[in-house]
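Please open the structure in a viewer and keep the sequence panel at hand. The tour below proceeds by selections, each followed by a description of what is found there.

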Amino acid sequence: QVRLVESGGGLVQAGGSLRLSCKASGIILSINTMAWYRQAPGKERELVARITPAGTSNYADSVKGRFTISRDSAKNTVALEMNSLKPEDTSVYYCNARRASTFWGQGTQVTVSS
């Protein structure tokens, strides 16, 4: 059974930082395209950052230069380092794994106060 479990969300002031982590079981993250998505109330889920099995990463324009996605193959985790957070970054953040199938975590809330 595949499970993706996010952690690290919380409440932070604008300008602060958070580090999200996604721990996988049942799949090997390094052979999947891993991504972080977010969804704010009343809005569609959007891609935040993605890293391919080859290690290529890309980011939404709104987070470029502030967020960094990384993968730890030994721990089978993927992380999202978020710096210079803004109130508009407030969302539920979801971990996503995609190869032949697509899997989602349950989400972790990030709230940025102004």
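**First stop: the cavity**

The largest cavity has a volume of about 30 Å³. The model on display is a predicted one, and the structure holds 1 cavity of 30 Å³ or more. Rolling a probe the size of a water molecule over the atoms shows where empty space is left.

To see the walls of the largest cavity, select T33, A35, Y37, R50, N96 and R98, which line it. By class, this lining comprises 2 nonpolar, 2 polar and 2 charged residues. Which strand gives the most to the lining of the largest cavity? The answer is β4, with 3 residues. Colour the strands β4 (33-39) and β9 (91-98) next, since each of them supplies at least two residues of the lining.

Now keep N96 selected. N96 has its place in strand β9. Is N96 buried or exposed? N96 counts as buried because its relative accessibility is 5%, under the 20% that sets the limit for that term. Add Q106 to the selection: N96 and Q106 are 10 residues apart in sequence, and their C-alpha atoms lie 9.9 Å apart in space.

**Second stop: an open sheet**

Select the strands β1, β3, β8 and β7. In that order they form an open sheet of 4 strands with antiparallel pairing. At the edges stand β1 (3-7) and β7 (67-72); each has a single partner strand, so one side of each is left without a neighbour in the sheet. From one strand to the next, the twist averages 15°.

Within this sheet, display β3 (residues 18-25) together with β8 (residues 77-82). These two strands run antiparallel and are joined by 6 bridges. As an example of facing residues, label L20, which stands opposite L80 in β8.

**Third stop: salt bridges**

A search of the whole structure finds 5 salt bridges. Begin by showing the side chains of E81 and R19, which meet in a salt bridge at 3.0 Å, N to O. This pair links distant parts of the chain, with E81 in strand β8 and R19 in strand β3, 62 residues apart. E81 counts as partly exposed because its relative accessibility is 24%. R19 is likewise partly exposed, its relative accessible area being 48%.

Move next to D89 and R38. Their side chains meet in a salt bridge of 2.9 Å, N to O. This pair also links distant parts of the chain: D89 is in the loop between β8 and β9, R38 is in strand β4, and 51 residues separate them. Are D89 and R38 buried or exposed? Both D89 and R38 are buried. Extend the selection to E46 and R66, for R38, E46, R66 and D89 are linked in a network of salt bridges.

For another pair, select K64 and D61. K64 forms a salt bridge with D61, and the closest N and O atoms are 3.1 Å apart. D61 counts as exposed, with a relative accessibility of 65%.

**Fourth stop: a loop residue**

Select S30, which lies in the loop between β3 and β4. S30 is partly exposed, with a relative accessible area of 23%. Then add D72 to the view. S30 and D72 are 42 residues apart in sequence, while the distance between them in space is 8.2 Å, C-alpha to C-alpha.

**Last stop: strand β11 and its partners**

Select β11 (residues 108-113) and show its side chains. In a regular strand the side chains alternate between the two faces of the sheet. Which residues of strand β11 are on the covered face, and which on the uncovered one? The covered face consists of T108, V110 and V112, and the uncovered face of Q109, T111 and S113.

Two strands joined to β11 may now be added to the view. Strand β2 (residues 10-13) runs parallel to β11, and 4 bridges join the two. L11 has T111 as its bridge partner in β11. Strand β9 runs antiparallel to β11, with 3 bridges between them. Here S91 stands opposite V110 in β11. The tour thereby returns to β9, the strand in which N96 has its place.

Notes: Residues numbered from 1 in each chain as written. Predicted model: local features only at pLDDT ≥ 70, side-chain atom pairs only at ≥ 80, totals over all residues. Heavy atoms only, no water. 1 Å grid on protein atoms, 1.4 Å probe; cavity = no way out; pocket = protein on both sides within 12 Å on 5 of 7 lines; lining within 4 Å. Points joined across faces, edges and corners; volume = space filled by probe spheres on them. Nonpolar A, V, L, I, M, F, W, Y, C, P; charged D, E, K, R; others polar. Pairing = 2+ DSSP bridges. Axes fitted to C-alpha atoms, helices over the stretch in contact; angles between N-to-C directions. Salt bridge = Lys/Arg side-chain N within 4 Å of Asp/Glu carboxyl O. Buried < 20%, exposed > 50% of the residue type's maximum accessible area, 1.4 Å probe, protein only.
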